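Please open the structure in a viewer and keep the sequence panel visible. The tour below proceeds from one selection to the next.

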Amino acid sequence: MPDLLIELFSEEIPARMQARAREDLKKLVTDGLVEAGLTYASAGSFSTPRRLVLTIEGLTAHSPTTREERKGPRTDAPDAALQGFLRSTGLTRDQLEARDDKKGQVWFAVIQKPGRPASEIVAEVLETTIRNFPWPKSMRWGAGALRWVRPLQSIICLLSDESGAAVVPLEIEGIAAGNSTRGHRFMAPDAFTVSGFDDYAAKLRRAKVMLDPAEREAAIRQEAANLAFARGWEIMPDDGLLTEVAGLVEWPVPLMGAIEDRFLSLPPEVLQTSMKEHQKFFSARNPKTGRIEGFVTVANIETPDHGETILKGNQRVLAARLSDAAFFWENDLREARSGMGTWAEGLKSVTFQSKLGSQADRIARIAALAREIAPLVGADPDQAEDAARIAKLDLRSAMVGEFPELQGTMGRYYALEAGKPAAVADAARDHYSPLGPSDAVPTAPVSVAVALADKLDTLTGFWAIDEKPTGSKDPFALRRAALGVIRLVLGNGVRVKLCEVLSESYFQLLDSRQSLEQKTFYVAALPEKAQDDLTYYHLAVSSLIRNAREARELDIREADWGLQNLDWDSPVISVAGAKKLAKFRAGRINDEEGKPAYPPLNAVVSDLLAFFHDRLKVYLRDQGIRHDIIDAVIAMPGNDDLVLLVNRATALNDVLKTEDGTNLLQGLKRAGNILAQAEEKDGVEYSFGADPKFAETDAERALFAALDKAEPAIREAVRLEDFQAATQGIATLRRPIDAFFDTVQINTDNQIVRRNRLNLLSRIREAGRLIADFGRIEG
């Protein structure tokens, strides 16, 4: 069985494209070969800046001969049907066979396809792969029509076995496949021939090319660590940079240099970012001083002076880059020490989103919301508000303008220079976190308050303008923001009712973007049920109170709502009084279309809460909690308290893993199904009146006794939020419920006994509902 070697040699392939290209080459070729009837033992793909390589071992020499029988139309069918069948098979009429079938004679086609040699199939598959390769970006060159990431120069396509190696006949746009390649561009530029993969890899190494990118990464990592160790330094880990640099060189030669003393006072993040982004240098840290004092650059060539000239050139370029960074740093420090007022003023002219106002508008909203959240997370409200007001000011700094990835990080430095407390400065750094599933979650109270406010403002704002995620599209990273809120809440055990906080965030948006006339419309537009629900309503009231001065200027002589009796100076206005105010102002909207720009409060909050629940399902699924268990606890009151919800789900998940839990679930679902059928049939609800005096069997009496004992214990455990105890309490009902269903006939002819037993089932159902809606759990 032959082995296959393919090399596609070109000008330099961008490092960021190489890993995907390796996998694409492997998949496209192997899938094509298998589809054509060939099999293989193993395949491996490699890349360097100038080549993509695929090796396949144990390839079959020929595809098998195939025989296919295909049933056609009846022999007496219209000629058009027969002609269509002939076209689909590629046969003629005399090649068909007439066979007896259930409904008469039918034409059958027997299609035989002889096997083909591997070389023929490989040539077809490789040409198709090259012509349709899925590069993110590609180019044409010369007069040809072929597109490749960079000009393709040569192709190796070689089949080899015990008898020798043979080039697969293939030519694409004047490039004929052969058995020769080239080594390192400078150290071994001459062409050489190969006879198989082992020969190819060995000759490449002699020609100063490390074929395997993993080997290049390991070589860079090891040599950089050795160079740093010799100076008493350590390399700052950066796997992304390591992969990128390994894709830039074919023969890595790490070289170490020192940073000039005049730049050592720059923040280490500035040094590391500048060297990484501009020069692709690895940072070397002195563990004794805690400073970044050196760097490692990776050359692609060995030189007689052991890289001294290369290193000097790199140091000159680095000095120029760091001089720019030092200039930015000094200018930014002067602004920070003066209070950052210019930056704050500048954010007024920076649009966050056309319908959501400027960055300054957004900062004001976040600051007000952070102040409201602060007591919930144990933070000082003044510090939380102060931190929110300065957290984004570094967006106007020269350093962040040059290195956007340093936003937040530089904010902390500038806040400290402005004389802010450490907690406030840390919040400026941390408020973007967590950015992804592997990012650390802030734990400092002020940082948590500002991070929550930032993400909640983003979510409510984009929900208000109907820019929600759709399918796989999420241009504003709203799923990430919701997951960030979930991780902040759960990671810090924050007991917060999301409905209240989302409502507060929404009214902050209204405060910043709409007049009082429009805001009162939203209150009046709430459904009556929602207006009576203080969860939503007291925040609507507080929003109106914040505008008490404007409200006091109403022409109350026009009012029929008794507004004269409202106490405008009171910190709390009654719901009834607020309704009167809302109704009075509802008709005074001066909107061009006669309607508000944003949807009603309850619509935004309920939809956002459902979005959080969906993200929570994804988050908990990774922790082994099924979606139906989460649905069962979401159906319970208090589902906007994520900590409470997760505690319920975790306890329920644990009990359902046990045999008792599984059997209990079946009993609860059976009770619910029987009740639902009886209630639908009888047109009544069986929810009270079960009396043990009507019990006729020991199993009934035992179930009454078990419920009498378990229900108070479960209620108390739920009140104390001890869901482990609550689920264990309901698990004690498993055996009496099983015995009841095994020995008792529910639908007996005695209607009194039947009603009593149905009401007893209702007690079972309600006992389960103390913990979760078991009807939503599968199984």
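Begin by selecting Glu57, which lies in strand E3 (residues 51–57); strands (E, at least two residues) and helices (H or I, at least four residues) are DSSP runs numbered from the N terminus. The model is a predicted one, in which local features need pLDDT of at least 70, side-chain atom pairs count only at pLDDT 80 or more, and totals for chains, interfaces and linings use all residues. Residues are numbered from 1 along each chain as its sequence is written, and side-chain values use heavy atoms, with hydrogens and water left out.

With a relative accessible area of 41%, Glu57 is partly exposed. That term covers values between buried (under 20% relative accessible area) and exposed (over 50%), using a 1.4 Å probe and protein chains only. The areas themselves come from the Shrake-Rupley method with a 1.4 Å probe, and for residues only the protein chains shown count as cover.

Next, add Asp3, Asp161, Glu162 and Asp198 to the selection: together with Glu57 they gather in a patch of negative charge on the surface. A patch consists of residues with over 30% relative accessible area and no salt bridge, like charges being joined within 9 Å and nonpolar side chains (Val, Leu, Ile, Met, Phe, Trp, Tyr) within 5 Å. Asp and Glu count as negative and Lys and Arg as positive, while His and the chain ends are not counted. The place of a charge is taken as CG of Asp, CD of Glu, NZ of Lys or CZ of Arg.

Turn now to salt bridges, each defined as a side-chain nitrogen of Lys or Arg within 4 Å of a carboxyl oxygen of Asp or Glu. By this rule, the count is 56 salt bridges.

Select Asp466 and Lys468, a salt bridge whose closest N and O atoms are 4.0 Å apart. Asp466 is exposed at 57% relative accessibility, and Lys468 is partly exposed at 31%.

Move to helix H27 (residues 698–719), where Arg701 and Asp698 are 3 residues apart and therefore separated by about one helical turn. Their side chains meet in a salt bridge (3.0 Å, N to O). Arg701 is partly exposed at 38%, whereas Asp698 is exposed at 59%.

Proceed to Glu766 and Arg769, which form a salt bridge with the closest N and O atoms 3.0 Å apart. Being 3 residues apart in helix H30 (residues 751–769), Glu766 and Arg769 are separated by about one helical turn.

Finally, select Arg362, Arg365, Lys392, Asp454 and Asp457, which are joined into one network by salt bridges that share partners.
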